[in-house]
Every structure is written in C-alpha cells, then in structure tokens.
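Welcome! Let us walk through this model together, asking at each step what justifies the words used for it.

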Amino acid sequence: MRHMYLLSLGLLALTENILMQTPCGRGYKNQRRKCVDENECESDPPYCGKNAICFNTNGSYYCRCHEGFAPTNNFTQSDAIDCTDINECVNGSADCGPNAKCINSEGGYNCTCQTGYISSNGKEIFNSGQGVHCIDRNECDDPSFCGKHATCHNTAGSFYCICAAGFRLKSGETNFTDIYKSCESVCEIDKSICGGGVCKNNKDGLECLCSSGFTNYGHKRMKCTDRNECDD
Ligand SMILES: *[C@@H]1O[C@H](CO)[C@@H](O)[C@H](O)[C@H]1NC(C)=O
Ligand SMILES: *[C@@H]1O[C@H](CO)[C@@H](O)[C@H](O)[C@H]1NC(C)=O
C-alpha cells in the first residue's frame, strides 16, 4: 500500500514534470500547464523595430510601419525591414496647393507659402487639408516699401519699384526690386547733365536752367550749350 502510494506520487511528479515541459509550438508559451499565446508585441527590444506597430495574433504577430513610413506591407522580424520615412514632397503625394512649398517631416509633411505669398490663416507653417491657401502678399501695402521717389507695383508673388521722373538708381536703372537700393536725383548722379546750367528736379522730371551765355533752345531737359551770339 505504502509502495503504491509512493509510486503514484512519483508518477504524478513525473507527469507534472512532463506537462510542465511540454514544448509548446512557436508563438505559444507554457502557462499553468497549458500552451497559451505568447504576446510577441511585448518583447523588448521590440520585434518590429522603430516606426512600426506590432499586432499580436494567436500564435504569431505581424508588423506594419506607421503611417507615412514605408514599406506599407505586413512583415515580421525575419524580413529585416526598417520602416523609413516616406518623403511626400518628392514622391508627389503631397498636396500643399498653389504657390506653396512642401516641407518633409518624419511620418508626414508640412506646407509653407512661397516667397511673396502669405497663408490665409496667417500661420507660416500649415498642413494640407486645413483649407489654408497661399495668397499674394501686396508688398505695396507698405507705402515706404520702394523708398522715396519711387512708386511700388504689386505683381503675383512679387513687386517692382519704378523711380519717379528725374530719378534713377546709381546704376542707371529706373525699375528695380532690390529694396536696399534707392532712387536718386539724376541731377545728383550726373552733375554734368545740364552742361552750362543748373539742374533742378520738378514734377515732370528735371529741367536745366541755363546760365547766361548758355542755352538749350527752350528744351528744358536738354543740356545747356554755349550760345552762339553770332546767330542772333
Ligand atoms: C489559439 O490557437 C490555439 C491553437 O490553434 C487554440 O487552441 C486556442 O484556443 C487559441 N486561443 C485563442 C485565444 O483563440
Ligand atoms: C496585414 O495583415 C492583416 C491581418 O492578417 C490584414 O487584415 C491586412 O489586410 C494585412 N495588410 C496588408 C497590407 O497586407
């Protein structure tokens, strides 16, 4: 009797041992003598790597890259896949709308208006799908934009300045977009413009006031030349 009892105990211990060690298939683990799903998604370091989501399934798992990362298919660790950012600005999927620039970011992209345009919501950076659009910035709203002696002309995405009559840039140009330049009186730039006379700016431009002995024959903007008194 005592024999039997010990034997049974021994058998019990043995079976328990066997059961405890019952090898569970891949993806399962032994828990209270049962094979239960192993949650691969809890492993550290993660099976799926960076920028991926892990989905546990009964007996297995699969990975998928976060949105905005590639590839887009399901994979497992053995595929040795690194999820990498999709550059939406390069692959053509970005939609920032007209007159805007695309800025790639990890997992997505942002938009900003091109130079000369401002966003309809006033924010420098915006997302597509927010209904924001880029509108022409009217540089000429600021009356001093072109400086003194110049008028400002707004264009789509830009502007230009025109020197007033009788004024120009030192370089000789009258139209310009470089606001660090300024229009100066032609009388100042070219001191000899009136020859034998005094140059003056007026509302039509400039005029030469001839000194005595000089004339421009009534053409106010012409150089004063020596008057030939013998013609009188
Ligand atoms: C998981 O699969 C195993 C083997 O097919 C099955 O015995 C078990 O009931 C399943 N567990 C769940 C939670 O579905
Ligand atoms: C990934 O696997 C899940 C579950 O099996 C499935 O529903 C889904 O369609 C798969 N996605 C792709 C892109 O294969």
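Q: What makes Cys187 and Cys199 a disulfide?
A: Their sulfur atoms are 1.9 Å apart. A disulfide is a pair of cysteine sulfur atoms within 2.5 Å, so the pair qualifies. A disulfide is a covalent bond between the sulfur atoms of two cysteines.

Q: What kind of model is this, and how are its parts numbered?
A: This is a predicted model, in which local features need pLDDT of at least 70 and side-chain atom pairs count only at pLDDT 80 or more, while totals for chains, interfaces and linings use all residues. Residues are numbered from 1 along each chain as its sequence is written, chains are lettered from A and ligands numbered from 1 in the order in which they are written, and side-chain values use heavy atoms, with hydrogens and water left out.

Q: Why is Cys187 called buried?
A: Its relative accessible area is 9%. Buried means under 20%, exposed over 50%, and partly exposed in between (1.4 Å probe, protein chains only), so Cys187 counts as buried.

Q: Which parts of the chain does the Cys187 and Cys199 pair link?
A: Cys187 sits in helix H3 (residues 186-189) and Cys199 in strand S17 (residues 197-202), twelve residues apart. Helices (H or I, at least four residues) and strands (E, at least two) are DSSP runs, numbered from the N terminus. The protein has three helices and 20 strands.

Q: How do you know that Cys41 and Cys54 are bonded?
A: The S to S distance is 2.0 Å, and the same disulfide cut-off applies, so this pair is a disulfide too. With -80° about the S-S bond, this link is left-handed. Cys41 lies in the loop between strand S2 (34-37) and strand S3 (52-57), and Cys54 lies in strand S3, so the disulfide ties together parts 13 residues apart in sequence.

Q: Why are Cys41 and Cys54 called partly exposed?
A: Cys41 has a relative accessible area of 25%, and Cys54 has 23%. Both values fall between the buried and exposed limits, so both residues are partly exposed.

Q: What does the pair of Cys194 and Cys208 tie together?
A: Cys194 lies in the loop between H3 and S17, and Cys208 in strand S18 (residues 205-210), so their disulfide joins parts 14 residues apart in sequence. Their sulfur atoms are 2.0 Å apart, and both residues are buried. The structure holds 13 disulfides.

Q: What makes a group of residues a nonpolar core here, and which is the largest?
A: A nonpolar core is a set of buried Ala, Val, Leu, Ile, Met, Phe, Trp, Tyr and Cys residues joined through side-chain atoms within 4.5 Å. The largest has ten residues, including Phe145, Phe159, Cys161 and Leu169. Strand S13 (residues 158-163) gives the largest share of this core, three residues. A second, separate core of nine residues includes Ala100, Tyr109, Phe126 and Cys134.

Q: Which residues are around ligand 2, and what makes them count as near?
A: They are Tyr62, Arg64, Thr72 and Asn74. A residue is near a molecule if one of its heavy atoms lies within 4 Å of it. The protein covers 37% of the 360 Å² of accessible area that ligand 2 has on its own, with areas coming from the Shrake-Rupley method and a 1.4 Å probe; for residues, only the protein chains shown count as cover.
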